[in-house]
Amino acid sequence: MARALFRAEVCAALEAWPALQIAVENGFGGVHSQEKAKWLGRAVEDYLTRNADLELDEVEDFPGELLTNEFDTIVEDGSLPQVSQQLQTMFHHFQRGDGAALREMASRITQRKRKVTATALKTARETDEDEDDVDSVEDMEVIAPNDGAATDGVCSQPEPSDPDAQTIKEEDIVEDGWTIVWRKK
């Protein structure tokens, strides 16, 4: 019973991990991304139970390597140490047989996952509304390096080095928007 609860909590923690969610939703693991995510939960749970005295960096390395190998994803958003800390804390509760603490962690993870999902949906809807607004104008500042200094937010156009420089002709633009580039003779 405790092992099944621990397995469920590990899976819940990984399912709530935004880096894994993004990798699965975008198919970074290929057509079997969903199955790989489920396998990842079982693999992490098995790894923790077989290696009882792991340090945090060892716990962190395993899911990070799996995400890199199976989903071709390197996590650099700082979430890997947080998820690893949750997994290690869950494992300590599991070792002590503290089911109540495991359930409480699961509840917090589920609430946080719902909040992240709701925020993401709200942001996506707001983005859709912004795209529908044709009159909206977006301000953008461009800073170009000029010998290490910024140039008042304006990028200067490069000067053509050759007066006979090749220009793009209308007949070089194909229907789909591609441009034919000819080799110089």
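A: Contact means heavy atoms within 4.5 Å. Keep that cut-off in mind. This model is predicted.

Q: Where do I start with a whole chain? What is its secondary structure?

A: Start with the elements. This chain has 6 helices and 2 strands. Then read their order along the sequence. The pattern is α-α-α-α-α-α-β-β.

Q: How many of the residues are buried?

A: Use relative accessible area. Under 20% is buried, and over 50% is exposed. Of the 185 residues in this chain, 28% count as buried. The accessible surface comes to about 13900 Å². Carbon and sulfur atoms own 51% of that surface.

Q: What share of the contacts joins residues 24 or more positions apart?

A: Look at contacts with a separation of 6 or more. In this chain, 60% of them join residues 24 or more positions apart.

Q: How do I read a buried core? How many residues has the largest nonpolar core?

A: Look for buried nonpolar residues whose side chains join up. The largest such core here has 32 residues. Some residues have the most contacts inside this core, among them Phe-6, Trp-17, Val-44 and Leu-87. Next, ask which elements contribute. Helices α1, α2, α3, α4, α5 and α6 each give two or more residues to this core. The largest share, 6 residues, comes from α5.

Q: Which residues is Val-44 in contact with?

A: Set aside neighbours within four places in sequence. Val-44 is then in contact with Val-10, Leu-14, Phe-62, Pro-63, Leu-66 and Leu-87. Two of these names, Leu-14 and Leu-87, are also on the list of residues with the most contacts in the core.

Q: How do I describe a pair of aromatic rings?

A: Give two values: the distance of the centres and the angle of the planes. A search of this whole structure finds 4 aromatic pairs. Take Phe-6 and Phe-94. Their ring centres are 4.7 Å apart and their planes are at 15°, so the pair is stacked. The cut-off behind that step is planes under 30 degrees apart.

Q: Which parts of the chain does the Phe-6 and Phe-94 pair link?

A: It links distant parts. Phe-6 is in helix α1, residues 2–15. Phe-94 is in helix α5, residues 79–96. The two are 88 residues apart. Both Phe-6 and Phe-94 are buried.

Q: Why is the pair of Tyr-47 and Phe-62 called stacked?

A: Use the two values again. The planes of Tyr-47 and Phe-62 are at 10° and the ring centres are 4.0 Å apart, so this pair is stacked. Tyr-47 belongs to helix α3 and Phe-62 to helix α4, 15 residues apart. Tyr-47 is partly exposed, with a relative accessible area of 21%.

Q: Which residues do ring pairs link into a cluster?

A: Follow the pairs from ring to ring. Here they link Phe-6, Phe-91 and Phe-94 into a cluster.

Q: How do I read one residue? Where is Leu-102?

A: Place it, check its accessibility, then list its contacts. Leu-102 lies in helix α6. At 2% relative accessibility, Leu-102 counts as buried. Its contacts beyond four places in sequence are Leu-5, Phe-6, Glu-9, Met-90, His-93 and Phe-94. Both Phe-6 and Phe-94, from the stacked pair, appear there. C-alpha to C-alpha, Leu-102 and Thr-89 are 8.9 Å apart, with their positions 13 residues apart in sequence.

Q: What about polar side chains? Is Ser-79 buried or exposed?

A: Run the check again. Ser-79 is in helix α5. It is buried, at 8% relative accessible area. Now look for a polar partner. The side chain of Ser-79 makes a polar contact with the side chain of Trp-17, at 2.7 Å. Leaving aside neighbours within four places, Ser-79 is in contact with Trp-17 and Ala-19.

Q: Where is Thr-73, and is it buried or exposed?

A: Thr-73 is in the loop between α4 and α5. At 14% relative accessibility, Thr-73 counts as buried. A polar atom of its side chain lies 2.8 Å from the backbone oxygen of Phe-71. Beyond four places in sequence, Thr-73 touches Ala-23, Phe-28, Leu-67 and Thr-68.

Q: What about Asp-72? Is it buried or exposed?

A: Asp-72 is also in the loop between α4 and α5. At 69% relative accessibility, Asp-72 counts as exposed. Check its backbone angle too. Asp-72 has a positive phi of about 50°, although it is not a glycine.

Key: Residues are numbered from 1 along each chain as its sequence is written. This is a predicted model: local features need pLDDT of at least 70, side-chain atom pairs count only at pLDDT 80 or more; totals for chains, interfaces and linings use all residues. Side-chain values use heavy atoms; hydrogens and water are left out. Rings of Phe, Tyr and Trp (its six-membered ring) pair if their centres lie within 6.5 Å; planes under 30 degrees apart count as stacked, over 60 as edge-to-face and the rest as tilted. Helices (H or I, at least four residues) and strands (E, at least two) are DSSP runs, numbered from the N terminus. Buried means under 20% relative accessible area, exposed over 50%, partly exposed in between (1.4 Å probe, protein chains only). A nonpolar core is a set of buried Ala, Val, Leu, Ile, Met, Phe, Trp, Tyr and Cys residues joined through side-chain atoms within 4.5 Å. Accessible areas come from the Shrake-Rupley method with a 1.4 Å probe; for residues, only the protein chains shown count as cover. A polar contact is a pair of N or O atoms within 3.5 Å; within protein, one must be able to donate a hydrogen and the other to accept it, and residues adjacent in sequence count only if both atoms are side-chain atoms.
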